Amino acid sequence: APACGMNAAWLAQLAPDRVPPAVGWWPPAPGWWALLLIGALLAATLCMEWRNPRRRRQRTALRELARIRADSTDPIATAQALQDLLRRYAIAVCGRERIARLSGAAWLALLCEHGGLDNDAGQSLLRAAYGSHPQNQREQWLLASAQFIRRLKPAHAPAAAPGARST
């Protein structure tokens, strides 16, 4: 006798088992669309920042500064390489017409204002770059050069001399 009053005929009258269809991956839920949008915006922002010419120049100059730091312990060679790098970087950032004319005290003032060099270390760098026997302030020059590269922006360039033509 069937237990609990169950009859085999009743079971046969039940509808067959129906398995619901598998849940598809498409279309995604709204949260996934939001995450995709945020990811795309982040990727576009990073790409634009990476391709930013100012940042690219800065990264290149900092890589060259690291090479200078690693290559030479000679203070004269270091000073010459730093002077060349800083001059090229300033010309690239601020333009040839504004930077190329700077020399002596005007160039030193720009270096001191944006590079963290004090006047004595700046004088020492310039003397060493042009062949004089320097005080060995190599580490100070390197640190100040890195600060100069990070801080210099086109707005920091000295104004054109009165009567000078702009191209």
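Let me start in the middle of the structure, with helix α6, whose buried residues pack against α4, α5 (96–99), α7 and α8 (138–151). Before going further I should say that this is a predicted model, in which local features need pLDDT of at least 70 and side-chain atom pairs count only at pLDDT 80 or more, while totals for chains, interfaces and linings use all residues. Residues are numbered from 1 along each chain as its sequence is written, and side-chain values use heavy atoms, with hydrogens and water left out.

The protein as a whole has 8 helices and 0 strands, where helices (H or I, at least four residues) and strands (E, at least two) are DSSP runs numbered from the N terminus. Of its 167 residues, 28% count as buried, buried being under 20% relative accessible area, exposed over 50% and partly exposed in between, with a 1.4 Å probe and protein chains only. If we take contacts between residues at least 6 apart in sequence, 66% of them join residues at least 24 apart, and contact here means heavy atoms within 4.5 Å.

Back to α6, then, which covers residues 104–115. Which of its residues are buried? They are Trp-107, Leu-108, Leu-110, Leu-111, His-114 and Gly-115. Seen down the helix axis, these buried residues fall within an arc of 155°, so they line one face of α6; the arc is that of the directions from the helix axis to the C-beta atoms. On the face turned away from that buried side we find the exposed residues Ala-105 and Glu-113. Just after the helix, Gly-116 takes a positive phi of about 80°.

One residue to look at alongside α6 is Leu-152, which sits in the segment after α8 and is buried, with a relative accessible area of 0%. Leaving aside neighbours within four places in sequence, Leu-152 is in contact with Tyr-89, Ala-90, Val-93, Cys-94, Leu-110 and His-114. The C-alpha atoms of Leu-152 and Gly-115 are separated by 8.1 Å, although the two residues are 37 apart along the chain.

Now to α4 (residues 75–94), whose axis comes within 8 Å of the axis of α7 (residues 119–129), the two crossing at roughly 105°. Axes are lines fitted to C-alpha atoms, for helices over the stretch in contact, and angles run from 0 to 180 degrees between N-to-C directions. That makes α4 roughly perpendicular to α7, on a scale where angles under 35 degrees count as roughly parallel, over 145 as roughly antiparallel, 65 to 115 as roughly perpendicular and the rest as oblique. The residues of this contact divide into 9 nonpolar, 2 polar and no charged; Ala, Val, Leu, Ile, Met, Phe, Trp, Tyr, Cys and Pro count as nonpolar, Asp, Glu, Lys and Arg as charged, and the others, Gly among them, as polar.

With α3 (residues 53–71), α4 packs at an angle of about 175°, the axes being 11 Å apart, and α3 and α4 are therefore roughly antiparallel to each other. By class, that contact has 9 nonpolar, 2 polar and 3 charged residues.

Finally, towards the start of the chain, Trp-26 and Pro-27 are joined by a cis peptide bond, with omega about -5°, and Pro-27 has its place in the loop between α1 (8–13) and α2 (30–51).

Technical notes:
The expected span of a helix is 1.5 Å times one less than its number of residues.
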